[in-house]
Amino acid sequence: MDACYQAFDKDGDGYLSIEEFRLLTRALFRNDRGKIYHLEDEKLKDVFAVFDANGDGHIDKDEFVFCWNHWIKIIVRPISAFLVVDVQNDFISGTLNISNCSAQQNGLDVIEPINKLLETVKFDAIFYSLDWHPSNHVSFIENIEERELDPSSPVTAEHAQTYDTVVFKGSPPQKQRLWPRHCVQDTWGSELHKDLKVMEDATKVYKGTNPDVDSYSVFWDNKKMTDTTLCAQLRLKNATDIYICGLAYDVCVGATAVDALAIGYRTILLDDCSRGVDLTDIEKTKNTVITNNGVIVNSNQVKAMVEGRDRRPELGYKLAMELKSTLSDREFQSTG
């Protein structure tokens with residue numbers, strides 16, 4: 001830490017100016033092939049302001065200690081979790097085979113690159129999520145007569161078709177996309193695909209178990225009423241980064257990535273390890289992730305990122321903004 005501080009204090013005045021901090025970020029945000037990633041000026045100013053705690057336009061030694069311990073060390077040595085979402089039989093060759101959906105993507109395509117990552121990358125934690133529905137689940141079109149529709153529903157029960165969105169009565173009314181019966185608990189369709197490598201020390205996370213609420217995200221049900229075990233497991237591992245992939249790109253994978261970002265994780269979406277339902281919705285998912293300072297990469301880039309040899313500015317910016325939010329919350333609590 002001392003050596004780093006002295007190396008970038010170019011004028012030897014005992015402080016880091018924003019220009020000296022810019023040089024630090026150029027050394028920090030790069031890969032092991034010599035590529036330097038550019039941090040935009042406005043984002044550089046945002047990050048600098050997080051560590052210039054007293055707002056005097058410089059980062060002093062005490063301020064740098066916080067920067068080193070809570071920012072630089074995490075960027076250089078992240079704690080990485082790998083989350084494989086819903087690579088289950090029904091989504092690949094069963095009742096909700098995504099190759100029959102409008103994007104016509106093959107769920108089998110994700111298995112080889114996921115397996116290669118599991119064999120070659122040393123993640124700090126590995127999770128597999130499974131859709132795990134009771135037979136009377138609200139999302140099954142076969143069950144539409146079991147619950148009363150709200151008058152605001154754009155489609156009646158009599159005219160509803162697979163993939164339509166209806167609105168069930170409730171407080172508030174509940175929007176629900178209708179799917180074929182899929183991933184029913186303890187059936188072949190709910191099993192992870194036989195060709196997917198399942199690591200012995202991995203954790204399985206089950207979602208969609210409440211018959212009355214759908215659950216796309218691996219973190220929460222769609223009403224944000226109940227969380228899964230994933231949040232607690234990630235906290236136990238002190239995870240900083242989460243790599244997300246699987247099926248379906250624009251449904252459960254996308255919802256999980258959005259929640260991971262909202263919770264505060266540095267989030268990486270794996271493009272070649274994910275396949276989806278609708279091409280337009282896949283693009284919307286990508287845009288949402290990027291807009292919220294997530295990163296989308298292919299699997300061949302993951303190993304260097306997990307090992308801290310490929311350090312992306314988007315993820316550094318995300319971490320700095322989370323630190324800013326945490327510090328603001330503490331200030332609010334101390335004055336409340």
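## A walk from the sheet outwards

Let's start in the middle of a strand: Tyr243 has Ile268, in β7, as its bridge partner. This is a predicted model, and that one pairing is a handy way into its fold. The strands involved are β6 (residues 241-247) and β7 (residues 266-275), which run parallel and are joined by six bridges.

Now zoom out. β6 and β7 belong to an open sheet of six strands with parallel pairing, and the order across it is β5-β2-β1-β6-β7-β8. At the edges sit β5 (203-207) and β8 (295-297), each pairing on one side only. Going from one strand to the next, the twist averages 25 degrees.

Which helices pack on this sheet? One is α7 (residues 230-237), which touches β1 (80-85), β2 (125-131), β5 and β6. The direction of α7 makes about 175 degrees with that of β2. Another is α8 (residues 249-263), in touch with β1, β5, β6, β7 and β8. Here the angle is about 165 degrees, taken between the directions of α8 and β6.

The links around β6 deserve a look too. Coming out of α7, you meet Asn238 in the loop that leads to β6. Asn238 isn't a glycine, yet its phi is positive, at about 55 degrees. Is Asn238 buried or exposed? Its relative accessible area is 53%, so with the cut-off for exposed at over 50%, Asn238 counts as exposed. On the other side of β6, Ala248 lies in the loop between β6 and α8. The peptide bond joining Leu247 and Ala248 is cis, with omega about -10 degrees.

There's a second cis bond to find, running from Ser171 to Pro172, with omega near 0 degrees. Pro172 is in the loop between β3 (165-168) and β4 (174-177). Gln104 is another residue other than glycine with a positive phi, near 55 degrees. Look for Gln104 in the loop between α5 (89-92) and α6 (111-120); its relative accessibility is 64%, so Gln104 counts as exposed.

Next, follow the chain back to helix α4 (residues 61-76). This helix has a kink of about 45 degrees, centred on Trp68. At the start of α4, a side-chain oxygen of Asp60 comes within 3.1 Å of the backbone nitrogen of Asp62. Which residues of α4 are buried? They are Glu63, Phe64, Cys67, Trp71, Ile72 and Ile75. When reading that list, keep in mind that an α-helix has 3.6 residues a turn, so residues three or four places apart point the same way.

Towards the far end of the chain, Asp310 sits in the loop between α10 (302-306) and α11 (313-335). Although it's an aspartate in a loop, Asp310 counts as buried because its relative accessibility is 6%, and the cut-off for buried is under 20%. What does Asp310 touch? Leaving aside residues up to four places away in sequence, Asp310 touches Arg30, Asn31, Tyr37, Ala304 and Met305. Closer along the chain, its side chain makes a polar contact of 2.9 Å with that of Arg312.

Finally, how far can you trust the picture? The chain averages a pLDDT of 95, and 97% of the residues score at least 70. Over residues 332-336, though, the pLDDT is below 50, and this stretch has zero contacts in the model beyond near neighbours in sequence.

Definitions and conventions. Residues are numbered from 1 along each chain as its sequence is written. This is a predicted model: local features need pLDDT of at least 70, side-chain atom pairs count only at pLDDT 80 or more; totals for chains, interfaces and linings use all residues. Side-chain values use heavy atoms; hydrogens and water are left out. pLDDT is the predictor's confidence in each residue, from 0 to 100. Contact means heavy atoms within 4.5 Å. The bend at a residue is the angle between axes fitted to the seven residues ending there and the seven starting there. Helices (H or I, at least four residues) and strands (E, at least two) are DSSP runs, numbered from the N terminus. Buried means under 20% relative accessible area, exposed over 50%, partly exposed in between (1.4 Å probe, protein chains only). A polar contact is a pair of N or O atoms within 3.5 Å; within protein, one must be able to donate a hydrogen and the other to accept it, and residues adjacent in sequence count only if both atoms are side-chain atoms. Two strands pair if DSSP finds at least two bridges between them. Axes are lines fitted to C-alpha atoms, for helices over the stretch in contact, and angles run from 0 to 180 degrees between N-to-C directions.
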